[in-house]
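Reader: I have the sequence and the model open side by side. Could you take me through the reasoning behind the terms you use for it?

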Number of protein chains: 4
Amino acid sequence: MNFDLSEEQSALQQKVRRFIAEEIIPCERDPRQTAHGPSEDFRAELIEKARSAELLTAHVSREFGGLGLDHRAKAVFFEEAGYSLLGPVALNIAAPDEGNMHLLEAVARPEHKERWLRPLAAGKVRSCFCMTEPTPGAGSDPSMLQTTAVRDGDDYVINGRKWFTTGADGAAFAIIMAKLEDGRATMFLSDTDVPGFIVERSMDTLDTCFPGGHGVVRLDNVRVPAENILGELGEGFKYAQVRLSPARLTHCMRWLGAARRAHDIATEYARRRHAFGKPLGSHEGVGFMLADNEMDIHSARLAIWHTAWVLDKGHLALHDSSMSKVLVSEACWRVVDRCVQILGGQGVTRETIVARIFADMRAFRIYDGPSEVHRWSIAKRIIKGIPREV
Amino acid sequence: MNFDLSEEQSALQQKVRRFIAEEIIPCERDPRQTAHGPSEDFRAELIEKARSAELLTAHVSREFGGLGLDHRAKAVFFEEAGYSLLGPVALNIAAPDEGNMHLLEAVARPEHKERWLRPLAAGKVRSCFCMTEPTPGAGSDPSMLQTTAVRDGDDYVINGRKWFTTGADGAAFAIIMAKLEDGRATMFLSDTDVPGFIVERSMDTLDTCFPGGHGVVRLDNVRVPAENILGELGEGFKYAQVRLSPARLTHCMRWLGAARRAHDIATEYARRRHAFGKPLGSHEGVGFMLADNEMDIHSARLAIWHTAWVLDKGHLALHDSSMSKVLVSEACWRVVDRCVQILGGQGVTRETIVARIFADMRAFRIYDGPSEVHRWSIAKRIIKGIPREV
Amino acid sequence: MNFDLSEEQSALQQKVRRFIAEEIIPCERDPRQTAHGPSEDFRAELIEKARSAELLTAHVSREFGGLGLDHRAKAVFFEEAGYSLLGPVALNIAAPDEGNMHLLEAVARPEHKERWLRPLAAGKVRSCFCMTEPTPGAGSDPSMLQTTAVRDGDDYVINGRKWFTTGADGAAFAIIMAKLEDGRATMFLSDTDVPGFIVERSMDTLDTCFPGGHGVVRLDNVRVPAENILGELGEGFKYAQVRLSPARLTHCMRWLGAARRAHDIATEYARRRHAFGKPLGSHEGVGFMLADNEMDIHSARLAIWHTAWVLDKGHLALHDSSMSKVLVSEACWRVVDRCVQILGGQGVTRETIVARIFADMRAFRIYDGPSEVHRWSIAKRIIKGIPREV
Amino acid sequence: MNFDLSEEQSALQQKVRRFIAEEIIPCERDPRQTAHGPSEDFRAELIEKARSAELLTAHVSREFGGLGLDHRAKAVFFEEAGYSLLGPVALNIAAPDEGNMHLLEAVARPEHKERWLRPLAAGKVRSCFCMTEPTPGAGSDPSMLQTTAVRDGDDYVINGRKWFTTGADGAAFAIIMAKLEDGRATMFLSDTDVPGFIVERSMDTLDTCFPGGHGVVRLDNVRVPAENILGELGEGFKYAQVRLSPARLTHCMRWLGAARRAHDIATEYARRRHAFGKPLGSHEGVGFMLADNEMDIHSARLAIWHTAWVLDKGHLALHDSSMSKVLVSEACWRVVDRCVQILGGQGVTRETIVARIFADMRAFRIYDGPSEVHRWSIAKRIIKGIPREV
């Protein structure tokens, strides 16, 4: 049991930290940041910066152009990346691409990896994950899946409606979850420029950091050749689990970086700004908020590191990643909410980046499972007495 | 001691409720709602609706065209108005005009009332209140006031910088707080189309409900005739207090309506949407949030009513209005945050109005004194043993 | 809508306040206070004090020797009584006698009132309410009632086991809830010195303010003449509801007084005690706790007054009393927990009465329905859209 | 970075767990447990059990009869010990002896170690730490120290008053903090059976797990030979810091065990007890509490492990141990409070051990520095920008 970073982890931490400070933060006011994320050309420029710095797509194996980090190294790397809302995009480790790459590398057939993973890992294209459906379809409860895939010759014909499909607008390809006639869930790989794959609109959301925003997608007789099934037929829910815990956890890592950023800005303000005869931070009302921030950030990091270690041991970590999702999303939220409060009026303006972090982060308590669903899962395991993996 | 509404209050409550439901909510998706509030022509249309309904400017005396409501009747009326974010604008009871009218009616000389209050009460013009200053000026600590007013012949020459000047862009006139050479604070009335009154920009804020947004104002040798001093020379802080408690409390009233709106939307969703085999609201995790909402709304309303009663007795109600500001802003915030959570992914989108209420309401915990400043004031009175007014 | 006390309420408030301060608080260190409440002779002395002061049994009608207060007057009176943990006992308005008297007055036949209510209202005897049962019997879920009453000639023969029977040890008579052979619940009146009514033991509890403590009672073929049915056969659950809301609410009133007491002690300490160069209360960390106390006490009082008003209008107030139970029990708990914290080391000692209030009050969040059960009921009404009574 | 226990740590964990389950928990209802802790003969019996199991005084070096555990191994060991409130006493790792041994081993001269440490480590005697003073003396603010030590020939003559002197009644010797004539603080070693060392009384506290309770000690011309200065003259505050972080942290470890115990009992109850048609734990209102417990326990453990690692690196860990003290004491408190709530009525009785854990644990948020003092220290370091040790 120890909390030492390896030399490699330390070096990487410093390198990313410098990269974010010097290359990415200066781009934050770029007007090509839109309500639905950075524009495609802006994204391409950012990716180029990361490629030059040899920091691109760190979580993918070296074979596919990444740095081959394990989960613990990712914990260190992604936190630094998240220090700017643009960092994960620049480093090609943003959702949903990051999780999609992880899934493809874990379960895709070699030819699929060449066709879809390689360009994605190179940052040349973006992807999306068509899972969540409008009412009465699949949301927190995946068993409510409505989208169907019906065999027709060598193809499957997919019909359904998806939403909250992050990055749909502009994605080159999609992983589509659908259920077969026998009810089993299956994942399909499909380019998005095929007939019937229609991005109806992008949803207006509080968060604005995801390239392509969140799409509403209509799947209208989309034909997918049977050979484009991702992995094996009928394994959709199993693969969803493979993607789940790591994807949850990388969310935690990135948002922790964002929370730290907000805290640093609030701290700097609390040192400099005076009120009622002394620096703001010397008022306990403010100082206690800073102390609570530091404790929340510390706790969140420890929870992440622990779950990363569980994953590195080869476990699914569903229980631990649920705990981390709740702990980290709620801790980071408290941090950024306090930062807004410390900044006073400025906290709710774009005078600093904190208001944007605040608006973006609210979704973190919901995406990838709202706290309530995770608490419910955790409780069920406790009541059933299911032993912990580690 | 009783909680009965008078017949008049009841009738007004029903009337405003119907007006908001039938006339205002249908306008909420009007594209003339901008990032800095409804546009001027949109505002004018809304005002016309209220005028037709004979509901305009209810807090001002009948002499100046209002309904002459006391604080308790306002509590009932304004809550209904706040049910739509457009309601207070339509009914001409939004900040800062509402507080400015209250102040003008309380302390302005008759000729000033004719000149500035009458058109404002008629909804023909808007106004602003130039008080808060950028660092190192006056924020929560009014003693840090930097803006100066220097006597020059029959005029005062005002220099300084203000920000968070709500409604500055488009306001017809301003109430300007400045300090005299002897350090005493004074309020001045000035049209905004005079030389040296410069709205440098509007700040980008999370909230978007205030017409004209929040301006950064430069006062560059603004000349104000001495006769345009509001009330008496040197009484600036005293008048600020006259404005303070009622202005705080009307904020509470309006936001309570917004919280109730969010709660109604979340409740309706929790009844209709199913997950894991039953309506969302039948899951205790969601049901408890609805219960907490109802308790928070109930408590907030009682606190408002109580402070309104203290004000109606003729007290300044600084202590009680501080308590209500903290209680109501934090309760309403919890409500809207829970509503976002109940709505799940949709909670962070513009699919419903809840995300906008959420973004707008965050500022409520800061504007008119952050919770921390109020807690500090409350604590000081407790420690000093200052007796309650009632 | 107003918050004025009537002259009579005001006079009573002052009178009880003085009585508690001068007559009861000086008795608090009396060694006859045991782990299971004040001893019987101690209780008798306290009752005598209240009788002399003409303040005894205020909630009962004048016909039976009380003051005939309505619910709002009780709110004022009982809060003052609760300022000392001995106050409710002295004034003969403590649970369970207070609720039993309320129930008897509401539903008992005239001869039962003479036999059981009159001496109880005079403070000559104590009573108990045999309702809650050990697992798997009736707790929060009354439908799990196990105790049976079987008709045998002119009698009913009752068998079962009860616990948390407050005041059982030393009670002169009991109201016993049992189910008939047809499953309907019925309440029976029985003296406790009859064969088969066995108080097995008193439970060791954190609270120590209830005379007779909380008993475990075995009902072993207890014979009750049919004429001693309380009210009507089969109306047990209906009567339980008659008793419920008022009993919940008087708990709230009394504990609010206790919370105020703790707050006063903590405030006094925060004024007097110095640390790090200034009075404790001038540290925001402490001052904010005092401010939160004041807001919690204020909110709790308003909730109580409101529910009392609903009851005075003749409603059952199940929804409102549930809300008040949760709001008040949790607010008072926060208050007393903060007081312990403000007092530092002394807070967890018997150097002040605060530690005892703390230990006693913990049960308030559980007795008469834990917060969770009330939240559940509130949520159900919201989801079903049941309209509020007022 | 990893969270693996070493084989030795694992073995020790299992061994202590078994010891507590088999040897100590069966003693918990022993009537020799008094309001001021286990009696001396009861304590001696418990110590004998640990000695037989070769688990005594694990934190002291093998030279003095312990197991020589580092801080991380202690984290594992002490948590298991804390699973019973009697565990730390039995294993001779309870406060204040545990911290005193740590201090003696770190700074005492060899002859002092032989005289005072050796018998203490063997569990033959108890000790106390005379530091905290009644108002206006030293509490959270050590600079307010009032007790004086005046040189007189070869002796120092000590006068003053101490309280919250844990274990004073029955202690064989004391470490006494006093200030010299020049104001420097010094620690003195003194037997307690010397003239002028008077235990006036033991304080009645909510906690009852400390042998000897918490004494009020009068030091009335206590003569201490100069050779009995602990370590060096004038180094009192420095030594206090040596004792501080580890002592704080071992508190955290032990109470974490107690929180886990309460959680296990509540979990078992939530599985077994039915209400409203299903097991209690299947109600989300209860299940969510269990989930929160598990997350709190998890977070608390990680914080402890991390600070133990910082200490094992040789740092003072004042910042990290402050964070852990706040995080762990508040997390454990939430856990035990929820457990009381889950158990319902039984939660506030002695039917289970949970009510005692609840009452005992309240002091944990105060002893060794209330949360507020730690938050203040943490905030000061943040505002000053003091770099973290690791």
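Author: Happy to, and let's begin with chains A and D of this predicted model. Their contact takes 35 residues from chain A and 35 residues from chain D.

Reader: What makes a residue of chain A count as in contact with chain D?

Author: The test is a C-beta atom, placed from the backbone, within 7 Å of one in the other chain. On the chain A side, H7, H8, H9 and H11 each supply at least two residues. H8(A) gives the most, with 14 residues.

Reader: How do you know how many residues on that side are nonpolar, polar or charged?

Author: Each residue type belongs to one class, with Cys, Tyr and Pro among the nonpolar ones and Gly among the polar ones. Sorted that way, the side of chain A that touches chain D has 21 nonpolar, eight polar and six charged residues.

Reader: And which elements of chain A face chain B?

Author: There, 37 residues of chain A are in contact with 37 residues of chain B. Strand S10 (274-275) and helices H8, H9, H10 and H11 of chain A give two or more residues each. This side of chain A divides into 15 nonpolar, twelve polar and ten charged residues.

Reader: Why is chain A called as compact as a globular protein of its length?

Author: Chain A has eleven helices and eleven strands. Its radius of gyration is 21 Å, close to the 21 Å that the globule rule gives for 390 residues, so the chain is as compact as a globular protein of that length. Along the principal axes, the C-alpha trace spans about 80 × 50 × 45 Å.

Reader: What share of chain A is buried?

Author: The label needs 20 or more other C-beta atoms within 10 Å of the residue's own. In chain A, 60% of the 390 residues are buried.

Reader: How do you know that S3(C) and S6(C) pair, and in which sense?

Author: Two strands pair if DSSP finds at least two bridges between them. S3(C) and S6(C) have four bridges, in the parallel sense, so they meet that condition. In this pairing, Cys130(C) stands opposite Ile176(C).

Reader: Which way do the residues of S3(C) point?

Author: Ser127(C) and Phe129(C) point one way, Cys128(C) and Cys130(C) the other way, and all are buried. That fits a general pattern: in a regular strand, side chains alternate between the two faces of the sheet.

Reader: What does the UniProt record say about chain A?

Author: An unreviewed entry annotates residues 234-382 of chain A as "domain: Acyl-CoA dehydrogenase/oxidase C-terminal". Over those residues, the chain is 75% helix and 3% strand.

How values were computed: Residues are numbered from 1 along each chain as its sequence is written. Chains are lettered from A and ligands numbered from 1 in the order in which they are written. This is a predicted model: local features need pLDDT of at least 70, side-chain atom pairs count only at pLDDT 80 or more; totals for chains, interfaces and linings use all residues. Two residues are in contact if their C-beta atoms, placed from the backbone, lie within 7 Å. UniProt positions are given in the numbering used here, feature names are shortened, and annotations may be inferred rather than shown by experiment. A residue is buried if 20 or more other C-beta atoms lie within 10 Å of its own, exposed if 12 or fewer, and partly exposed in between; C-beta atoms are placed from the backbone. The radius of gyration is taken over C-alpha atoms; the globule rule is 2.2 Å times the number of residues to the power 0.38.
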